[in-house]
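User: I have a model open here and would like to talk it through with you. Could you take me around it?

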Amino acid sequence: CKILRCNSEYVAATLHLRGPERGAAFCTALRSYSLCTRRTARTCRGDLAFHSAVHGIEDLMIQNNCSKEGPTAPPRPRPAAPNPHGFESLDICDYERSFLYKHGRPPGFQHCAAFGDPHIRTFHDDFHTCRVEGSWPLLDNDYLFVQATSSPVAKGSNATVTSKLTIIFKNMKECIDQKVYQAELDNVPAAFQDGSVNGGARPGGSSLAIWERIPGRHVEIRAAYIGTTIAVRQAGRQLSFSIRAAEEVARAFTEEQDLQLCVGGCPHSQRMSRSPRGRGRVPAETARALCREMLPVEDVYFQSCVFDVVTSGDTNFAMAAHGALEDARLFLPDAEKLHIFQ
């Protein structure tokens, strides 16, 4: 029974259809989906997924006023040469394609970020400002380990900033060798620690790659084999980290791996208020005017910017908050959750 192939072809055909113009193309995709199910009907007679798809197509055609007669989308061309590793081994290192093939829908994603003081936006859209000093895990799961090392933003200050990031991409079957990425202040390399720029010599080695966005200041690491993208930036005297991770990957950890700032946020004892108290290094109104230029919406990114500029006296923190917001704009699966207000 090849109903999963019909499902994935339908999802791929409708994934990018948006707005009022989608009608005719949507009906074409539904007719193609229906044709695919009819072709596989004999072998799928007792399959629940098959019968569910058939009824679902009928309902969708009625809801969208689609006629049963009309053009169908041409089948996607088969690759000219067979893949020497077989479909499964090719697909296992392309998480999104593999997920679509298995489930008939694209995967869900989650976003986490650490920037500035540090401020943590968790996978669950909680937002904390942390007093953490020393090394703390942002992530610790079956696929990734990410550790941030923090140090005081200024002498005698409670506020801390990320001065070092260590990211370990764990060894995975035929996709990648274990790779370690390390960034420190004034050293944001566009290569892994061993000098390589991809996942190694395995068949899926190219499914992990580093891209330099701004030399020495901004890199992007794409791990297609786990449907994950990471951005590392330096603004002023601090590093920031942002990730878009497949839900399945973000949740792949045990009870022993319970301390992950991206999952649970800062421990209660390490949380700080973002209301600047006492005399700062920059007047609050000056900081607000500066932050408003780059962050016109007065959300938690704006509040974080004001807090950091007042506390540190370093106007580069406005760039850090702006960079984190831009990453969120790219990485968040739900655009309506971009701004958090507290």
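Analyst: What follows is a conversation about domains, cores, a helix and a few single residues, all in a predicted model.

User: OK, how is the chain divided?

Analyst: The assignment gives domain 1, covering 2–64, and domain 2, covering 109–271. Taken over C-alpha atoms, the centres of domain 1 and domain 2 are separated by 39 Å.

User: Which residues have the most contacts inside the largest nonpolar core?

Analyst: Those are Leu138, Ile167, Phe169, Tyr181, Tyr225 and Phe241, in a core that has 46 residues. Strand β11, residues 238–246, supplies the largest share of this core, with five residues.

User: And what does Phe241 touch?

Analyst: Leaving out residues up to four places away in sequence, Phe241 touches a set that includes Cys112, Ala113 and Ala114, together with Leu138, Leu139 and Val146. Also among its contacts are Leu165, Ile167, Ile230, Ala231 and Cys262. There is, in addition, a second, separate core of 23 residues, and Leu295, Tyr301, Val306 and Leu338 are included in it.

User: Switching to α3, how far does it reach?

Analyst: The 16 residues of α3 reach 22 Å from the first C-alpha to the last, which is close to the 22 Å expected at 1.5 Å a residue.

User: Which of its residues are buried, and what do they pack against?

Analyst: Phe50, Ala53, Ile57 and Met61 are buried in α3, and because they cover an arc of only 60° around the axis, they sit on the same side of the helix. An α-helix has 3.6 residues a turn, so residues three or four places apart point the same way. The buried residues of α3 pack against α1 (3–14) and α2 (23–39), while the face turned away from the buried side carries the exposed residues Leu48, Ser52, Ile62 and Gln63.

User: What comes after α3?

Analyst: Asn65 follows α3, and its phi is positive, near 55°. Asn65 lies in the loop between α3 (48–63) and α4 (86–91), and with a relative accessibility of 71% it counts as exposed.

User: Where else should I look at the backbone?

Analyst: Asp186, although not a glycine, has a positive phi of about 65°, and its place is in the loop between β7 (179–184) and β8 (208–214). The peptide bond from Asp117 to Pro118 is cis, with omega near 10°, and Pro118 lies in the loop between β1 (109–115) and β2 (119–121).

User: Now Asp308, is that buried or exposed?

Analyst: Asp308 is buried, with a relative accessible area of 3%, and its place is in helix α9, residues 300–312. Its side chain makes a polar contact with the side chain of His119, at 2.9 Å. If neighbours within four places in sequence are left aside, Asp308 is in contact with Gly116, Asp117, His119, Gly313 and Phe317, and that Asp117 is the residue from which the cis peptide bond to Pro118 starts.

User: Last one, what about Phe127, where is it and what does it touch?

Analyst: Phe127 is in strand β3, residues 127–130, and at 4% relative accessibility it counts as buried. Not counting residues up to four places away in sequence, Phe127 touches Phe115, His119, Ile120, Arg121, Arg274, Val300, Ser304, Ile340 and Gln342. The C-alpha atoms of Phe127 and Leu239 are separated by 18 Å, and the two residues are 112 residues apart along the chain.

Key: Residues are numbered from 1 along each chain as its sequence is written. This is a predicted model: local features need pLDDT of at least 70, side-chain atom pairs count only at pLDDT 80 or more; totals for chains, interfaces and linings use all residues. Side-chain values use heavy atoms; hydrogens and water are left out. A nonpolar core is a set of buried Ala, Val, Leu, Ile, Met, Phe, Trp, Tyr and Cys residues joined through side-chain atoms within 4.5 Å. Buried means under 20% relative accessible area, exposed over 50%, partly exposed in between (1.4 Å probe, protein chains only). Helices (H or I, at least four residues) and strands (E, at least two) are DSSP runs, numbered from the N terminus. Contact means heavy atoms within 4.5 Å. Domain bounds come from an automatic or database domain assignment. The expected span of a helix is 1.5 Å times one less than its number of residues. The arc is that of the directions from the helix axis to the C-beta atoms. A polar contact is a pair of N or O atoms within 3.5 Å; within protein, one must be able to donate a hydrogen and the other to accept it, and residues adjacent in sequence count only if both atoms are side-chain atoms.
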